[in-house]
Amino acid sequence: MIATAWLVAGKDLRIEWRSRVLAWQVVPFGVMALVLSGLALGPTRAGHSSAAPGLFYLVVLLVTLLAINRSQAIERTPGTRASVATLGLDPAGVFLGKTIALAVELWVIGAVLLAGTVLFLHTALAGSLTAVPSLVLTLGALAAAGTLYGALTGEGAGPATLLPVLALPAFAPLLIAGERAFSAALAGGSPWEWWVITLVALVAYLAIGVLLYGVLEES
Amino acid sequence: MTAKFVAELEDAVVIAGGFPLLAGVTMRLEPGTLTVVVGANGAGKTSLLRLLAGLDQLTSGTGVVAGVDLARGDRRLLRRRVGWLGHEGSFYDDLSVEENLHFAARALSRPIADVAPALERVGLAQRASAPARRLSAGQRRRLALAWLLVRRPEIWLLDEPYASLDDAARDLLDDLLVDVVGAGATVVASAHDPLRSEQPRVTLTLAGGRVVATS
Amino acid sequence: MKQLAQRLLGPVTLVSMALTVWLGLVVTPPDKVQGDLARLVYVHPAVAWVALYLSFGTATIASVLYLWPRTRSVVADRVAHSAMEVSLVFIALTLITGSIWGRPTWGVWWAWDARLTSTAILGLLAVGYLALRRANDDPTLRAKRSAVFAVLSAINVPIIHFSVLWWKTLHQGATVFTANRSLLIHGIMAWTLLLSFVAFSLAYAWLVRARYRLEVARERLDNEAITEAIAARVLEGRS
């Protein structure tokens, strides 16, 4: 399982390194979404709104949806499906590998977006840096959940439109926990409740993924 | 069912999207034989190969391939044991020719050292670092052949193996088939046109998703 | 015995429902503070019980049974599907009755009340489940994927609940919309309340059974179509 996980994670990251789809398509989208958030707040509130952490996480969720779709798309070309299936990879390993790769990608994108939030929405630099540990954990949970929900929407009618319907309700607690932790970090506190929510979600998604990814793959 | 056969299908039906791709196939494969599956477009040739490879699910009927029960067994174990030559050729188009084979070799614990000679043999050594997406249809076929060389499976399932291959590659494939059948592997190939190789073979004629003649 | 119970389910549901309506609207007294509005206590809690526990619970258990290889059967898949569909109806009713009840106390149709918000998210999970089913044609594929989604959703329910609850209560403005909905329940009111739970649970069972039978009928048609398609395919091979 672990060997397969590293093999798959390495492959996914290598493909991203070669194709740069996330770098050239998803990151600019995220930055633009942050700029739009500032515009939507209006000229008087754009630079100093307490809504900044929430808007940051909203943008993170949108970007995550795109990253999940990309992570699944590389497995879905008809040729890839048949030929990779004949390798009989351990599904739990594939799940972990794709989760690791997606988490690494989201961490990089998250760092760019956090910098963008400091720049455009004027969140305090020190406070934003204090929010980094909770951001890392939240993005990890999003990666695990995203890999599962991405696999659920495979080869159906319009997976790109189905994914948000399935995933966003489940992402809601992570948005809440992330936003609250970020806001608390800006205010100089760190309530434990948000760590519990995110950790429980992360562990639950990892466990379900390891147990049930095979059910999704064999279909 | 006996272990005498590599594959045994009894009234196998495969349904996809409400359409019976296979409508009751009964057939057996003996080890160390070459079987050619012929039939018109849509007769079910590719579907039969996919079923034998464990890629598609059996809807009804029974089937055992390489000791794996197609209805109840773990088809993943079966897929690890068959070699598949389809139209796709590569695993991931964004990876290079060499990276594709390295990935597959690691997945099935094959020696990485076998990759370079295999690429040499199919004439892709010069293109080893090219992205798979830049390969022509014929080169993709050669890449798939190179993988089968590294893989050396016990069951070879070849879907229209001669399509888009030039004469040199066809000769290579012919030699390869003589070689592996002689070594005891079981080969099933679908073809519109009869195989060029002069080897003894069983011919299954498919029509309407069933075997209508065996010779 | 089983047949008799099935035959009686419809009439018994109707009678208990009619009795609940009569007791709830005519016999029981209005509340001192909330007046006639308090009569929602004979609808809203029972509907919410069916929506959040009975039907979602049934769908979850059926999905787990489907995923467990030894208990995997098309029956479990049908039960899960039927229960989830009925669940969506009851979640909608829960939200509507809750909204009607909350309007006079909150002053708005929608308040960021923790239970209201998590119920709404749960409703969207049920929508997602049904959307996922529609997107997959292959019966086995559909059954597996929707079962995994149902299990994921069930695990999400407490996570969503606590996140929204803490989101609400750990915030300073939490007291603004806190509704005082405590009612003094005794005598005939308590019996009516109990009856409402029985009546809505029976209505749920009746709806799930009807939905299940519809699914069986639909599958029979599908199977007939497949048998015809196989016969046509065989003929195609002979010509």
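# Exercises on a three-chain model

In this predicted model, 20 residues of chain A are in contact with 25 residues of chain B. Let us start right there.

## Exercise 1: Where chain A meets chain B

Work out which elements of chain A give two or more residues to the side that touches chain B, and which of them gives the most.

*Solution.*
1. Look for the contributing elements: they are α1 (2–19) and α4 (78–85) of chain A.
2. Ask which gives the most: that is α4(A), with seven residues.
3. Sort this side of chain A by class, and you find nine nonpolar, seven polar and four charged residues.

## Exercise 2: Where chain C meets chain A

Now describe the side of chain C that touches chain A.

*Solution.*
1. Begin with the counts: 28 residues of chain C are in contact with 25 residues of chain A.
2. Two elements of chain C give two or more residues to this side, namely α4 (114–135) and α5 (139–169).
3. The largest share comes from α5(C), with 17 residues.
4. By class, this side of chain C has 21 nonpolar, five polar and two charged residues.

## Exercise 3: A portrait of chain C

Which kinds of element make up chain C, and in what order do they run?

*Solution.*
1. Count the elements: chain C has six helices and zero strands.
2. Read them from the N terminus, and the order is α-α-α-α-α-α.
3. For the overall dimensions, picture a box of roughly 80 × 45 × 30 Å along the principal axes, filled by the C-alpha atoms of chain C.
4. Chain C has 239 residues, and 36% of them count as buried.
5. Finally, take the contacts in chain C between residues at least 6 apart in sequence: 80% of these join residues at least 24 apart.

## Exercise 4: Following helix α1 of chain C

Find where α1(C) bends, and what its buried residues pack against.

*Solution.*
1. Helix α1 of chain C covers residues 2–27, which is 26 residues.
2. From first C-alpha to last, this helix reaches 35 Å, close to the 38 Å expected at 1.5 Å a residue.
3. The bend is at Leu9(C) and comes to about 40 degrees. A proline, Pro11(C), follows within four residues.
4. The buried residues of α1(C) are Thr13(C), Thr20(C) and Gly24(C).
5. The partner of these buried residues is α6 of chain C.

## Exercise 5: The sheet of chain B

Why do β2 and β5 of chain B each have one side without a neighbour in the sheet?

*Solution.*
1. Write down the strand order: this open sheet of four strands runs β2-β1-β4-β5, with antiparallel pairing.
2. Look at the ends: β2 (19–29) and β5 (68–69) of chain B stand at the edges with a single partner strand each, so one side of each is left without a neighbour in the sheet.
3. Move inward: β1 (residues 7–16) and β4 (residues 60–65) of chain B pair in the antiparallel sense over five bridges.
4. For one residue pair, take Glu8(B): its bridge partner in β4(B) is Val64(B).
5. Add the helix of chain B that packs on the sheet: α1 (residues 45–53) touches β1, β2 and β4 of chain B, and its direction makes about 65 degrees with that of β2(B).
6. Chain C joins in too: its helix α6 (residues 187–238) lies across β1 and β2 of chain B, at about 60 degrees to β2(B).

## Exercise 6: Three loop residues

Decide whether Lys32(C) is buried or exposed, then examine His122(A) and Ser164(B).

*Solution.*
1. Lys32(C) is in the loop between α1 and α2 (44–67) of chain C.
2. A residue counts as exposed if 12 or fewer other C-beta atoms lie within 10 Å of its own. Lys32(C) has 9, so this residue is exposed.
3. Along the chain, Lys32(C) and Gly107(C) are 75 residues apart, and their C-alpha atoms are separated by 20 Å.
4. Before the next two, remember that most residues other than glycine have a negative phi.
5. His122(A), in the loop between α5 (91–120) and α6 (125–130) of chain A, has a positive phi near 60 degrees. With 14 other C-beta atoms within 10 Å, His122(A) is partly exposed.
6. Ser164(B) has a positive phi near 55 degrees and is found in the loop between β7 (155–159) and α6 (167–182) of chain B. Ser164(B) is partly exposed, with 15 other C-beta atoms within 10 Å.

Note on methods. Residues numbered from 1 in each chain as written. Chains lettered and ligands numbered in written order. Predicted model: local features only at pLDDT ≥ 70, side-chain atom pairs only at ≥ 80, totals over all residues. Buried ≥ 20, exposed ≤ 12 C-beta atoms within 10 Å, placed from the backbone. Contact = placed C-beta atoms within 7 Å. Nonpolar A, V, L, I, M, F, W, Y, C, P; charged D, E, K, R; others polar. Pairing = 2+ DSSP bridges. Axes fitted to C-alpha atoms, helices over the stretch in contact; angles between N-to-C directions. Expected span 1.5 Å × (residues − 1). Bend = angle between axes of the 7 residues up to and from the residue.
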